[in-house]
Amino acid sequence: MAAERERSQGVDDARGAKQSVSGRIRDWLGRNTFHYSEFSDLRALVRDKEARGLTISLCIPTLNEEKTIGKEIVVFRSELMTRFPLVDEIAVMDSGSDDRTREVAADYGANVYMAADILPEMGARRGKGENLWKAIYQLRGDVIVYVDADIKNIRPHFVYGLIGPLIRRPEVSYVKAFYERPWVTSDGVRPSGGGRVTEILVRPLLSLFFPELTALIQPLSGEYAVRRQVLERIPFPIGYGVETAHLIDVYYRWGLDAFAQTDISQRVHRNQPTRDLGRMAFGILQTFFSRLDSLGLAAELPDRATILRQFLVRDGVHEQQEYDLKEEERPPMIDVPAYRARRGLLP
Amino acid sequence: MTSSEILNCLPQFKGIALELRDVLLANIAMMGEILAPSGTEQDRVRFFLERLADSEVQCSTDENGSGIGVLMGEDAARNIVFATNADSLVRDDADQTIEIASDRIVGPFVGDNSVAMAALAVLPLALERMGIRLKSNLVLLAAARMLERSDHHGLRAFLDHFPGAVRAGVCVESVQLGRLNFRGLGLLKGEIVCRLPEDYDWAQYGTTGTITPMSEIIAQINRIAVPRDPKTSIVMGAIRGGISGHTIARQTNLLFEIRSESGELLEQIRQRVEDIVEDVGAASGMKARIEFYARRPPGGLEISHPLVRCARDVLNGLQVAPMMYPTIGYLSAFLSRKIPAVTIGCTTGERRGELDEIDEAIQVAPLFSGVAQMMALALLLDGGAADGG
């Protein structure tokens, strides 16, 4: 069955012959997979960026990241603004941290925004996707780079490795990071592992319905750089489903060749408990099924519940913990009148 | 520029350092997160040299792996050396992460010596921004193989083989801003090893293992009378022995130091410790041996030396109270070669907790005075401040 689906998805290659999914993935990997070191000549990259007249914004979505945000801002400002003017603005888009995240970020020169203050007429939602979406409105760049704030081993290549393909390859619109993911435990650093949700949920789902997208090594990575023309035209789930939705929407509209991926080498961050990953998986599944629905890939899906139940045992009794996790979506930014006005687009 | 003109420029130097805050702090974070145990500093040294390459600095490494940057002056015959150690004590299985808060930076051994190396790396850029061109060559050295048993090998080898005449040296330490060391204490670094002999007679000597005789050695060393004047001390630094509570410790190691302002006293204590080790070894039936792997004679500059005077003037100009005391650091590598030198600090800092010997915290705000201090000293030494002592 799967083989049949794969065959039916075959496309004509240049010689008119059908090419298998495996073949297309192999070709794409060869053409569109990079290593950050290919872009480490930052002087040359800045020259190319200026020649193309691009502006680049860096957005760091935050919620209580005071431990790591200072170093991220300092390293990015030093390496990508002061030493090499590759990035034109660094913004922290905060969901309402109650620690010193915003203060530390501002102290080190980031433009700090409260997501709730942007497009107030659209209301405020709490979630990373909300911050990413509002950044499209607030930031100026032709390219927006999103980098998570919880990275302990932050280095400038987390950004320039993603920008590089967009500067050098005009046909590429969306660049994702992939990396080895050593978990950090209280004992220190383990050499490898991670990506549990990717490997036991997302990759199997992509294999079932969008096999070409399995070419992306880390489909859920929180680091990506995207051209504004693409970002403003795709909807944004506000929660865990945002990366999955992007992949499917960009793939459906622009095809696999719009994507590229860059090996960022190693990313050290705090390991999440399995229960948290369960909630993440629930959000991703909601997004996935909503895409299957809207794209007509699954007929007559039943109404889907939004409650995730997890359990605790207290005094020998199993207690339910209910989480109402509804993956709301923001519309494509280009459909928002205030955005069109801000960008000088026709109403 | 005259000395007083240079001192008058201190506020401007500080302003330039503040302008370079991002680069300086990024240097600290990124250098600090590169593992650099003694003998394998190459990644950190490479990073250091890459930063220097932003300015017109000639970069190279020597056969020990030390990173050397030379900002060429107009008179190639004169050299001023600013040095720090490139290696650190962080183990390769430790979390190396450095955290930058608004007012401080916290991380493993960030005060020893990531800050100093980061400040050295930014110095050419700071001078360039001030439009300063020195007459002397400014040599920036990140010396490899310095700590523990390496015994400052990188700096000693550099000074022994450097082709030009070194006019003055400045040892740059991360902390504390205000320190001004111009004399070195005499130092002996030693290791005592107690080991069960292969033919150990269990019936005769019992099952106490090597920990008991080592504790006897320590007790006897502690009974050695050390005078307050001349300043003398014996430091028991690290001990390791045994593998579990119910097995006999086959080997116990003790690392220690003897420090004194008097070379004669140092020698007397050395002989006494050797006797103790021999006595206890013989009485216990253990193989007890002692090795002194590092020796430094006491000595240094007089407080009236022009270099000390001008370094003190710089601190006073920055409104930082000078703290003058003898050091056991690598200053002696310069002094023992008759090169006038001082040790300075870049910022203030402390260990995170009394018992935590790894994480250190340094303050951000004083760093800019630290860099201004280095800029002023470079200019003053270039003008001949260390000459004539």
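How many salt bridges are counted between chain A and chain B? In this predicted model, the count is five. One salt bridge pairs the side chain of Glu33(B) with that of Arg155(A), at 3.0 Å from N to O. Polar contacts add to the picture of the interface, with 10 residue pairs counted between chain A and chain B, both residues at pLDDT 80 or more. On the chain A side, α4 (66–82) and α5 (101–107) each supply at least two of the residues that touch chain B. Helix α4(A) gives the largest share of that side, nine residues. Sorted by class, the side of chain A that touches chain B holds 12 charged, six polar and six nonpolar residues.

The extent of the interface can be described in terms of residues and of area. Chain A brings 24 residues to the contact, and chain B brings 21. About 1,900 Å² is buried between chain A and chain B, with carbon and sulfur atoms giving 47% of this area. Three residues stand out here: Lys71(A), Arg83(A) and Tyr108(A) supply 31% of the area that chain A buries against chain B, more than any other three residues.

Attention now turns to the interior of chain B, beginning with helix α2. This helix spans residues 10–19, and Leu10(B), Phe13(B), Ile16(B) and Ala17(B) are buried in it. Viewed down the axis of α2(B), the buried residues fall within an arc of 115°, so they line one face of the helix. The spacing is easy to follow: an α-helix has 3.6 residues a turn, so residues three or four places apart point the same way. The cover over the buried residues of α2(B) includes five helices of chain B, namely α1 (3–8), α3 (21–32), α5 (110–129), α10 (306–317) and α12 (367–382).

A charged residue offers a second view of the interior of chain B. Arg270(B) sits in helix α9, which covers residues 263–284. Is Arg270(B) buried or exposed? Its relative accessible area is 14%, and the cut-off for buried is under 20%, so Arg270(B) counts as buried. Leaving aside residues up to four places away in sequence, Arg270(B) touches Leu188(B), Ile258(B), Phe292(B) and Arg295(B). The side chain of Arg270(B) is also joined to that of Glu274(B) by a polar contact of 2.8 Å. As for Thr343(B), 73 residues from Arg270(B) along the chain, the two C-alpha atoms are separated by 27 Å.

Some backbone details also deserve a look. In chain B, a cis peptide bond with omega of about -5° joins Val175(B) and Gln176(B). Gln176(B) belongs to the loop between β7 (165–175) and β8 (180–181) of chain B. Another cis peptide bond joins Asp229(B) and Pro230(B), with omega of about 0°, and Pro230(B) is found in the loop between α8 (211–222) and β11 (232–241) of chain B.

Positive phi values appear at non-glycine residues in both chains. Glu300(A) has a phi of about 50° and lies in the loop between α11 (274–294) and β15 (307–314) of chain A. With a relative accessible area of 80%, Glu300(A) is exposed. In chain B, Lys338(B) has a phi of about 60°, and its loop runs between α11 (331–335) and β15 (341–347). Lys338(B) also counts as exposed, at 74% relative accessibility.

Notes: Residues numbered from 1 in each chain as written. Chains lettered and ligands numbered in written order. Predicted model: local features only at pLDDT ≥ 70, side-chain atom pairs only at ≥ 80, totals over all residues. Heavy atoms only, no water. Buried < 20%, exposed > 50% of the residue type's maximum accessible area, 1.4 Å probe, protein only. Helix = DSSP H or I, 4+ residues; strand = E, 2+ residues; numbered from the N terminus. Arc of directions from axis to C-beta. Contact = heavy atoms within 4.5 Å. Buried area = accessible area lost by both parts, 1.4 Å probe. Salt bridge = Lys/Arg side-chain N within 4 Å of Asp/Glu carboxyl O. Polar contact = N/O pair within 3.5 Å; in protein donor to acceptor, adjacent residues only side chain to side chain. Nonpolar A, V, L, I, M, F, W, Y, C, P; charged D, E, K, R; others polar.
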